[in-house]
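Work through the exercises below with the sequence and the model open. Each task is followed by a solution in steps.

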Amino acid sequence: MVEDIGEFLVPYLPEVKLPRSNDRIYKDECCLGFDTPKSDKGLYMCMRTFKSFGHEFVMQYHQATGNRVFLKFKKNPIPKTETEKDTQAPTKLAIGVEGGFQGTEKEQEYSEEHTIVILPDFIEISTSNIESIPFHLLNCVEAVIRHDSAEQQALVSWEGDVRQVSRHSETLKQLDGVKIPPSGWKCTNCDLTANLWANLTDGTILCGRRHYDGSGGNDHALEHYRKTGYPLAVKLGTITAGGADVYSYDEDDMVIDSKLAEHLAHFGINMMNMEKSDKTMTELQIDINQKLGSEWIILQESGKELTPVHGAYLTGLINMGNTCYLNTVVQVLCSIEELSNAYLSQRESIYKASIGNDPASDFNTQMAKIFWGLSTGLHSSPNNNEESGIKPSMFKQLVGKDHVEFSSGRQQDAQEYLLHVLSLMEKHGRKIAINPTNVFKFGVEERLECGQSKMVRYSAKSEYIMELNIPTEAATNLEDLKQYELEQKGNNNEVKFTEKPRMRVPYSACLESYFKPEVVEGFYSPAVKEKTTALKSSRFSSFPNVLVVHLKKFTLGDDWVPKKLDVDVDMPDFLDLEKFRAKGIQDGEVPLPEEEQEQQPKIKVDEEMVAQLTSFGFPREACVKAVHYTGGAGIEAAMNWLMDHTTDADFATPMSNPSEPASIAEINDNNIAMVMSMGFTRHQALTALKATNDNVERAVDWIFNHIDDINAGSEVQGDGESSNKVSGDHSSPNTYQDGCGKYELFAFISHMGTSTLCGHYVCHIKRNGRWIIFNDEKVAESEEPPKNLGYLYFYKRRAESSS
């Protein structure tokens, strides 16, 4: 018991820091575990660094840093008197704000308790002793309590209906001669009387876009914009005294028309007299999000009572607002034994290396932390109650750092996020002498055959994911789909379908599409010295321990608008891909000469084509690359290139002029040293800096995207060192974990919704012979896993066939 608190605390005052506005205050989550202020023993925050630790780790941190003054945060639940339901329907497309989507049950309330703790003896002094605590310490404590936590600082609210003023509002030109009646509207080009839009330039009334499921309009308003270029349209039926839905085709977004009343009055519409008769776009989006419940019924095995499960590797991840993509990817990664063992076996050494510095910003620490949290079962409960599950806020902040999309609060594509996490795992694995991503890595042999000379060229590349296109023309129920379309147009008296049937495409057709030879137009053949066609085909040169299969359900429609295929693919439990193993150059085949790079004519970029591509929202530099690398073959070819390369690290960076590479003499020695300090060889550093015009940041990303090309290539002129070894790694990057190509399905991630930017993700994982469904923090035993509706599939090599 401390008798004189003020005198006792004086020697510790130099260790206490007053937080600044930009300091990150970690008062919600332990840096090395998942203790929170709600945990039994609370959370201890260092008053010098503002890092927090649970009781299990705080002594280790004290020993590593010598820091002794901590503020203990403790939250104690206030007993509920009754369960309150929130029956108010959402009116805003938002989460966690008034009028938006809210939880149905009133959240648990807590009382907060703050205690100053002096280590190593855990001497506790309540902050209620205001008169006894020195002013400086009390001031710092109060500032920390008032300060937003790191989680709050990183939180990006989802406000789906926040709109910007259109740039056309002030300058919109309007044509005379048209008056719009207050009701009785009909599309000028068809018979639709709902989802109608009036163009604010000429007053033409036309129907809106067709939705992915066949509902909505017939795209006549969009077609009118493409013909005329008139940018703004107002949705009739949403006009009230308070405003209306206005869409800008030029800006490709819902906008605010600051002169809407004036623009409507031009066509004889008085906003003050109008009454709402149609759903706004926000209300339609709310309907779609609320319908996720019915879509979810399909994936949770409708009519089945799912039994909650808990324990090791059965811990849920809490959704922090559009983070289900993260939750599903992390759950599946943690279920892979090679990855789990890689981080858990080195957890103590990883923690020891980072604890004295900044564990919250150390990637390997946060990976080991989340794998440990999911593996122990300490944060799961039998009934998946509100105390069950892990909140991966620190992990999300770190992995999304400096990434324009993954740092936001918007929904994301799980496949893109998986690739992003794998790239970070490979990059930071060098620090701990492991490359856990090798479990996914496989070699691809590409064969190119000249159409005229029949000479061939073989090349090799590495992949992490097998990307399968879905050939819709191979659907087995095309007749049903055609009949549904006829019924929708009213051209069929017999009504067979009350809703659009789901397209069914055999998995065998997807596999055949992947391996069938592709015709390459405009191929410059060094054998015949001119452009011709070529046949390109691919085979596996190695089979990974874990094969990831991505069904490419998101495509571009005829109007270049991304859409999702509502498709059923009969993905098998077992795969045998051995017949697709590469065999290398065959007897009788003649290799193509290797001089085409010198003789191939330079391609001049078509600026009109680049401008057209940028109008779809892609960065200009990416569009330049697309036109260049597709040889100016047209918009469709360039658009396909863009969609295939959106995840490239250098997607939006300027393309070096291939005719003017940087020379060795132009490379700055300091830049070479900086790249080498990150664990790369001099050969790798020089090659990358040459390719990126001596830009260090781009060079590092370039290496990760071209590691196999570097190691397979010849020495850099003027450089006496060439190595296939990666510093810090114990194996060559080209050493694959090869084995028999027979696999068994053990996990899949499913998506519900119309786009990767909305909807919901869940995953199913097979554990000990039973399928488990992970729906954020809810974990239950699955009875009929819907394997035919997945998006990402994970197969492991069958034990009996491994070599």
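**Exercise 1. Place histidine 147 in the chain, state whether histidine 147 is buried or exposed, and list what histidine 147 touches.**

Step 1. Histidine 147 sits in the loop between helix H3 (135-146) and helix H4 (150-154). Helices (H or I, at least four residues) and strands (E, at least two) are DSSP runs, numbered from the N terminus.

Step 2. The relative accessibility of histidine 147 is 13%, so the residue counts as buried. Buried means under 20% relative accessible area, exposed over 50%, and partly exposed in between (1.4 Å probe, protein chains only).

Step 3. With neighbours within four places in sequence left aside, histidine 147 is in contact with Pro19, Arg20, Ser21, Asp23, Ile25, Lys27, Gln152 and Gln153. Contact means heavy atoms within 4.5 Å.

A note on the source: this is a predicted model, in which local features need pLDDT of at least 70 and side-chain atom pairs count only at pLDDT 80 or more, while totals for chains, interfaces and linings use all residues. Residues are numbered from 1 along each chain as its sequence is written, and side-chain values use heavy atoms, with hydrogens and water left out.

**Exercise 2. Describe the surroundings of leucine 339.**

Step 1. Helix H10 (residues 337-344) contains leucine 339.

Step 2. Leucine 339 has a relative accessible area of 0% and is therefore buried.

Step 3. Beyond the neighbours within four places in sequence, leucine 339 is in contact with Leu333, Phe371, Met425, Pro436, Val439 and Phe440.

Step 4. For phenylalanine 371, the separation from leucine 339 is 32 residues in sequence and 8.9 Å in space, C-alpha to C-alpha.

**Exercise 3. Which parts of the chain does the salt bridge of glutamate 29 and lysine 369 link?**

Step 1. The side chains of glutamate 29 and lysine 369 meet at 2.5 Å, N to O. A salt bridge is a side-chain nitrogen of Lys or Arg within 4 Å of a carboxyl oxygen of Asp or Glu.

Step 2. Glutamate 29 is in the loop between helix H1 (5-9) and strand E1 (43-46), and lysine 369 is in helix H12 (residues 363-376); these distant parts of the chain are 340 residues apart.

Step 3. Glutamate 29 and lysine 369 are both buried.

Step 4. Lysine 369 also has its charged end over the ring of phenylalanine 34, 4.9 Å from the ring centre. A charge sits over a ring if NZ of Lys or CZ of Arg is within 6 Å of the ring centre and within 35 degrees of the ring normal.

**Exercise 4. Analyse further salt bridges, and say how many the structure holds.**

Step 1. Glutamate 124 and lysine 72 form a salt bridge at 3.4 Å, N to O. The pair links strand E5 (residues 123-126), which holds glutamate 124, to strand E3 (residues 69-77), which holds lysine 72, 52 residues apart.

Step 2. Glutamate 124 counts as partly exposed because its relative accessibility is 44%. Lysine 72, at 15%, counts as buried.

Step 3. In the salt bridge of arginine 447 with glutamate 589, the closest N and O atoms are 3.0 Å apart. Arginine 447 is in strand E13 (residues 442-450) and glutamate 589 in the loop between strand E23 (574-576) and helix H17 (596-599), so the pair ties together parts 142 residues apart in sequence.

Step 4. A network of salt bridges links Glu446, Lys461, Glu463 and Lys536. The structure holds 23 salt bridges.

**Exercise 5. Classify the ring pair of tyrosine 514 and phenylalanine 515.**

Step 1. The structure holds 23 aromatic pairs. Rings of Phe, Tyr and Trp (its six-membered ring) pair if their centres lie within 6.5 Å; planes under 30 degrees apart count as stacked, over 60 as edge-to-face and the rest as tilted.

Step 2. The ring centres of tyrosine 514 and phenylalanine 515 are 4.8 Å apart and the planes lie at 85 degrees, so this pair is edge-to-face.

Step 3. Tyrosine 514 is partly exposed at 23%, whereas phenylalanine 515 is buried at 5% relative accessibility.

Step 4. Both rings belong to one aromatic cluster, formed by Phe442, Tyr514, Phe515, Phe540, Phe543, Phe580 and Tyr743.
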